[in-house]
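Got your viewer open and your selection tool ready? Let's take a walk through this model, one pick at a time.

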Amino acid sequence: MDLRTVSVSTLPGVGTKRFEAIKSLGIENIYDLLFYFPFRYEDMEVKSLDDAIDQEKILLKGIVASDPVVARFGYKKNRLNVRIMVENESIMVTFFNQPWLKDKFITGNEVAVYGKWNENRRAITGMKVLGDGHAQDSIDSVYSVNKNIHQKTLVNLIKVAFDKYSDQIKTVIPESLIEKYHLMNDRDMVLGMHFPKTDEQNELARRSAKFREFFLFECGIQNMKSRDKKAHVGLLEKYDKEYIDKFISGLPFELTKAQTRVTAEILADMNSSHHMNRLLQGDVGSGKTIVAIIAMLASVTAGYQAAIMAPTEILAQQHFDKIGKLLSPLKIRTSILTGSQTKKEHDTIAQNIREGKTNIIVGTHALIQDSVQFKDLGLIVIDEQHRFGVNQRKNLREKGNNPDVLAMTATPIPRTLAITAYGDMDVSRIDELPAGRKKIETYWIRSTKIEQMYRFVTKELAKKAQVYVVTPLISESEKIDLKNAELIFDKFNELFAPKYKIGLLHGQMPNDQKEDVMNQFSHQKIDVLVSTTVIEVGVDVPNASVMVIYDANRFGLSQLHQLRGRVGRGEKQSYCILIADPKNETALERMKILTSTNDGFVLAEEDLKMRGAGDVLGSRQSGLPDFKVGDPIADINILETAQIEAEALFKNDAMAKPENKVLKSFLNDEFEQLNNFD
Ligand SMILES: Nc1ncnc2c1ncn2[C@@H]1O[C@H](COP(=O)(O)OP(=O)(O)OP(=O)(O)O)[C@@H](O)[C@H]1O
């Protein structure tokens, strides 16, 4: 019997109202109910007073030493006080608003009270009382419920369902893996998750449930990947190899080995009939842009259009300028589409794109509007892909006839994210910087020492350095940020103008002004650029060599690394000065890590540990699925094992084996849902 086809409403005691209530938790059938696991457990082991920790929960056992007294206070409130003797000490027990518990305390009887310990008063605020005989050790499961349904009701329903259907719980994980990793079968796991008798039993059940959850997820990913590969649905972009080789040898610099390798990987994908879904990862300044340009040019030589979507207008403009410089001598027609163009401009550009008059289109998310239709889109490049939501990426993909996709990111991908969020993508990595780059020297100073920074900047300016000064995000409000940037701008003017030219850049400036300031900075007409974080990603001015970041503790590690990556992009020795007054250990730790390493990978791993995946990649856009039992960061080892096993299963076509029958039919039903995961 498939428990997913048996409705919870068939259980005794579940009428229409209760069924509705339970549905509000997302539970409809017996399978859902049995796999609705507790989100935490309360340790109900009796402890000694020596183990009691202030403000933490504890279960204490003792003899009732006084008659309970219920006192009323306030409006309809009451308090029950009773003393119990625990290890020869009289402990005060208080329960709020549960006067009926009075009957549980009979002088001279043994009781166990679970509650919050107050060290100062040697007292406990009770949450639960276990009477005589019940005070043995146990573990209590705690479920996430809502106002429609009580913990107790839910637990009872799970009990009833388990008693009736436990024989029908089929184990979906292949037997060989259960043995290899010493896991529980699904029936024992369900039992150990809901009603554990010992910590060991619960521990094993949890490990099994985590493996099961990760493994099924990874099977979904593998399935998607193998479908993409098998079905010849991708575009075959037969590009002109000779032309591309010539273009590469004509570049003003030689590609690094890593750039050459990833370019070959990408071109091979494009030149095959399977669909390319590739992630290009390379640390800040490693030279991803030129690789993307080569790929786009290849697509054009194959007779297709190519598009690149950037997260900000500044970046789109920068790409457009670079592409124009390199490709217009070759008569490649390029255009740029952003949100700030007039309707007339937009319409003309969109028409050229539709009619195939434009070969390469650079844009922001304006590219995904309905009014933009391509004639024959062959390749999409998505720059800083985590800045776009899953849907935005999907929309762009749907613009052509399943075009090849190249996503780029400078965020080094910690293992967790590589396995989960990007699991269905092939990954190319640029793991070296262009020759001649020097290590950026990073210093951290407290705001009281700000004069040191001014002195340093004075010295560097005298050496013709260009300086970025990034002002903090004081609040969510752009206005306040701006005011702050203006104050700092004034200060720099006071100190350095007119000898040096100071520029100001912020998000609220009209586009053409932003462009103008950026242009002046990149042509060395501005010496110091005071900016909000609009310059965070991608901005490329190789001559700039000093980065000053105010209130650095307000930024995440990955973000600081991105900002710092705006310098050290040429051959000059570059510096980064972080101004911060860390208020706690973690903040202090972050400053220390930044000054000690330039390795984006190390920083991203640390960031992930400190802040969680959602924050590192921008919440909800991380593409990380919502796991229920496992935590992709804390349980990375289980996740990796699950990934390896799922991959092996698909690689060897082992799915056809009889031992995987249950898994296969289970997944067949689940895949529909998993396929939506982009
Ligand atoms: N092989 C190379 N040799 C020398 N310079 C290079 C090479 N490849 C790229 N560059 C230059 O290095 C700088 C950084 O390259 P690019 O802007 O592509 O970096 P990126 O990987 O996109 O970094 P970010 O993620 O910070 O935007 C550019 O000025 C680019 O022209």
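Start by selecting D527, which is buried yet has no salt bridge. The nearest side chain of opposite charge belongs to K501, and it is 8.3 Å away. Keep in mind as you go that this is a predicted model. Now show the backbone of K501 as well: its nitrogen lies 2.7 Å from a polar atom of the D527 side chain. For orientation, D527 is in the loop between α16 (511-522) and β19 (528-531).

Next, pick D404, in strand β14 (residues 404-409). Is D404 buried or exposed? Its relative accessible area is 0%, so D404 counts as buried. Add M276 to the selection: the two residues are 128 apart in sequence, but their C-alpha atoms are 4.7 Å apart in space. The D404 side chain reaches the backbone nitrogen of M276 at 2.8 Å.

Now move to the ligand and display its surroundings. You should find 21 residues around the ligand, with K288, T289, R437, D540 and R569 the closest. By class, this shell has 6 nonpolar, 7 polar and 8 charged residues. Three contacts are worth drawing:

- R437: a polar side-chain atom lies 2.7 Å from a ligand oxygen.
- E254: a polar backbone atom is 2.9 Å from a ligand nitrogen.
- R566: an N or O atom of the side chain is 3.0 Å from a ligand oxygen.

Of the 640 Å² of accessible area that the ligand has on its own, the protein covers 87%.

Stay here and select D540, one of the closest residues to the ligand. Which side chains meet D540 in a salt bridge? K322 does so at 2.8 Å, N to O. That pair links distant parts of the chain, with D540 in the loop between β19 and β20 (544-549) and K322 in helix α10 (residues 313-327), 218 residues apart. R569 also meets D540, at 2.6 Å, N to O. R569 sits in the loop between α17 (557-564) and β21 (575-579), 29 residues from D540. Color by accessibility and you will see that R569 is buried, at 13%, while K322 is partly exposed, at 27%.

For the last stop, go to helix α5 (residues 186-194), whose buried residues include D186, M189 and H194. N185 caps the N-terminal end of α5, with a side-chain oxygen 3.1 Å from the backbone nitrogen of R187. Finally, select D186 with R212: their side chains meet in a salt bridge at 2.9 Å, N to O. This pair joins helix α5 to helix α6 (residues 199-230) across 26 residues of sequence, and both partners are buried.

Notes. Residues numbered from 1 in each chain as written. Predicted model: local features only at pLDDT ≥ 70, side-chain atom pairs only at ≥ 80, totals over all residues. Heavy atoms only, no water. Helix = DSSP H or I, 4+ residues; strand = E, 2+ residues; numbered from the N terminus. Buried < 20%, exposed > 50% of the residue type's maximum accessible area, 1.4 Å probe, protein only. Polar contact = N/O pair within 3.5 Å; in protein donor to acceptor, adjacent residues only side chain to side chain. Near = heavy atom within 4 Å. Areas by Shrake-Rupley, 256 points an atom, 1.4 Å probe, with all protein chains shown as cover. Nonpolar A, V, L, I, M, F, W, Y, C, P; charged D, E, K, R; others polar. Lys, Arg positive; Asp, Glu negative; His and termini not counted. Salt bridge = Lys/Arg side-chain N within 4 Å of Asp/Glu carboxyl O.
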